[in-house]
Structures are given as C-alpha cells and as structure tokens.
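I am opening my notebook on this structure and will write down what I looked up, one topic at a time.

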Amino acid sequence: MFKPALLALCLIAAAAPEHAATPAFADIDRTARAAFESQHIAGMGLSIYDAHGNQVFEQMYGDFSPDRRIAIASASKMVAGLTILRLVDQGKLSLDSTTGQVLAWKGPQAAITLRQLLSFTSGLPPRDACSMRPGITLAECVQQISKLKLVAAPGTRFDYGNTHLAVAGRMAEVVSGKSWDGVFGEQLRVPLGMRSDVIFYTWPRRPEGTTNPLLAGGLQMTMNEYAKVLELEYHRGMFRGQRLIGDALFTEQATEPYPNAVIGDTPVGRIGLNYHYGLANWLQCPPPAVNCPVQSSPGAFGFTPWVDRAGGYYAILGMDAGGMDMGGKRRTGVVKFSVELAEQLRPMIREAITAAQRSH
C-alpha cells in the first residue's frame, strides 16, 4: 500500500502537465508564465500541436482550463471563413459570386464579391449597429447593410469590421436554404465532431441572440474545440483522413487578394505590425503575402489561435481577459498583449519543435 505522503506525491506528479517539463519547451513555459503574471489576469492557457496533430505542450496558468467554453471574439472569423469556404468548395458559392447575384442587391453595392467580403475589402462601412441587435434576423441586418453608402469601390480599401462577414453569412444562408447555425452545423461543427452547443451568438459573453449571429466575433468555444479548427486549417482542408475543403482554396485564403488596396482600419497596424489580411484571417508574412504559411485570428479578449506551417505546428493562447482586471479596473490592451506574446513565442516554438524532432 502507498503511504499517504507518497500517494500525495504520486497524485501531484500525475496531475502535472506532461509537456511542461520537456526541456525543449522549458523556455516557452517560462516566457508564457512570466507574461501571464505580468498581466494580473485570472487565467491563461497555451496549447501547441505538431504537424501530426500531437499535443506537444500544454500548460494552464492561473484559473483556466482547455475545456472552458468562452467567448473567443474575433477568433470567430477564421471559423466563419472556413465554413463559407466549404460551400465554395461544394460549388454553392464562388469567390466571384456577387451580392447582386445572390442577394439581389442593386446599384454599386451589387458588384461586391464574396472574395471582397472575406478579405474585408468590400467597400462597405466596416460596422453597423444592426450586427449587435439580438432581436432581429441576419437577413434583416444585411438588408439594412445593403442600404449603406460605400466608403470605397470594392477591392480598393481594407477596413477591419463586422459588416463584411455578416453579408457573406447571409449569402451562405440563401444558397443553402438554412439559417447560419444550420450552415455552420452542417459544414463545420458536425464534420469536426463538435457539440451542438458550439454556437455563434449576437452577444457571446451573455450569451444572447442566435437569429442575428455575429459571424465576426460571436462564437463560444473551448481551446480543445478550436484545436480541431486549427487541425483542419493547418492541413489545408484535411481532417483526420477526410478532405473537407479543397487544397487550392487554402492558397487563395493565404494570399492577399488586393495588394494595392488602401489600408484603413487595422487593429494589428495599431500595435505596430505590418500584417495584411487574406480570406477571414491575418497573414503573418511581409506584404504582399502569397500563400503565407503563418495565419492567425486573434480576438479582443485575448484568445489567439495561429498556424505556422513553415514551423511545423499550430497553437492556441487561450484566455478571456475582457472586462475588469484582478484589481477591478477596466482592462485595455488585451489584443496587444496576446498578439505580442504570440509573436514572442513563435520562433521559440519553431526551435522547440525542431529540437523535439531531432531528439526522436
């Protein structure tokens, strides 16, 4: 029989994260922990997967869990984009489908293409209050957006915001004959083996509103669930032996479609990074990016997923650091913190992955 003290030590050892002590990842652990402790947030997680989908590192800091369902804010964009790309792969839409063809829009707005919507170069004002109204439908919101005056000709200006994906989502509803939740469920949630309560909301932190989902930021998801999204993304449409999206669309997704577009509102630009946008995700390559191997979709509350095909891994920084800090003060600079931490970790993870491969 185990003595009580020995049993306690065994239980502690069993509960300790398996990968935290791996020498190749020790510096990553120290860096992430120091960053976490500097922010006075309740909890944070870091998970790293190699090119084969093996979890090579996972550590939770403070009060967090990889199974905690949280609002992931703009990390929703990559998920919405992959859902729509699957419809493109099936021929229900094309990247050249226009709002005039699918939604019967009129005037200059009718020439906006799906490619422009997904790359946030539609020329529409980037935000509209209807996207935050839970008591209406996505169709009603997009009808309101259709009446907005363009701020630029389609394809000539990038502006980060929520109107573009709202219109793209409505196009998906029309061609499929389903609500957005039905589209998302059929195209991504079920094929990736996620539970039915992985849902886009209008207000994800409450949560509230499903008839007018915020495609650009309304998803609730766990780190473990998002890892499946990144597995599909990393492998360019393959998920556990099944092709869900054609490979060629990932070259389109990872290429800046309008390299001469004027850069308007850009959150990464505000923190000093010169990354441009592909199709519903950031391209972390010098512009103009072509088939960029490093793509990300950071959210306003700190949840930051990315793939690094050149480095042979994908990773998630998990947190819900919106609202108040531990001292009761309103928190600012969360995106700056999470994106800069991801930038700091990226070369370290590449080095650790290479070292781990050599050791085997």
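**Hairpin.** I began with the turn between β1 and β2, in a model that is predicted, and found that these two strands form a hairpin with four residues between them. Within that turn I noted Gly 53, which has a positive phi of about 85 degrees. The two strands, β1 covering residues 43-50 and β2 covering residues 55-62, pair in the antiparallel sense over seven bridges.

**The other partner of β1.** I then looked at how β1 pairs with β13 (residues 313-318), and here too the sense is antiparallel, over six bridges. To fix one position in my mind I followed Gly 45, which stands opposite Met 60 in β2 and opposite Gly 318 in β13.

**Faces of β1.** Is β1 mostly covered or mostly open? I found it mostly covered, with eight of its eight residues buried. In a regular strand the side chains alternate between the two faces of the sheet. In β1 I could sort the residues accordingly: Gly 43, Gly 45, Ser 47 and Tyr 49 point one way, while Met 44, Leu 46, Ile 48 and Asp 50 point the other way. Both sets are buried.

**Salt bridges.** Side chains of opposite charge can pair when their charged atoms come close. I counted 22 salt bridges in the structure and looked up three of them.

In one of these, Arg 69 pairs with Glu 225, and the closest N and O atoms are 2.7 Å apart. This pair links distant parts of the chain, since Arg 69 lies in the loop between β2 and β3 and Glu 225 in helix α9, 156 residues apart. The two ends differ in cover: Arg 69 is partly exposed at a relative accessible area of 22%, whereas Glu 225, at 11%, is buried. I also noted that Arg 69 and Glu 225 belong to a network of salt bridges with Arg 195 and Asp 197.

Next I looked at Arg 127 and Asp 265, whose closest N and O atoms are 2.6 Å apart in their salt bridge. Here again distant parts of the chain are linked, with Arg 127 in the loop between α5 and α6, Asp 265 in the loop between β8 and α11, and 138 residues from one to the other. Arg 127 counts as partly exposed, at 46% relative accessibility.

What separates Lys 336 and Glu 340 along helix α12? They are four residues apart in this helix (residues 334-359), so about one helical turn lies between them. Their side chains meet in a salt bridge of 2.7 Å, N to O. Lys 336 is partly exposed at 39%, and Glu 340 is likewise partly exposed at 36%.

**Disulfides.** I closed with the cysteines, where I found two disulfides. Cys 130 and Cys 141 have their sulfur atoms 2.1 Å apart, and the link is right-handed, with 60 degrees about the S-S bond. It joins the loop between α5 and α6, where Cys 130 sits, to helix α6, which holds Cys 141. Each of these cysteines has 1% relative accessibility and counts as buried.

Cys 285 and Cys 292 form a disulfide with their sulfur atoms 2.0 Å apart. This link is also right-handed, with 85 degrees about the S-S bond, and both of its cysteines are buried. Numbered in sequence order, the bonded cysteines pair as 1-2, 3-4.

Note on methods: Residues numbered from 1 in each chain as written. Predicted model: local features only at pLDDT ≥ 70, side-chain atom pairs only at ≥ 80, totals over all residues. Heavy atoms only, no water. Buried < 20%, exposed > 50% of the residue type's maximum accessible area, 1.4 Å probe, protein only. Pairing = 2+ DSSP bridges. Salt bridge = Lys/Arg side-chain N within 4 Å of Asp/Glu carboxyl O. Disulfide = S-S within 2.5 Å.
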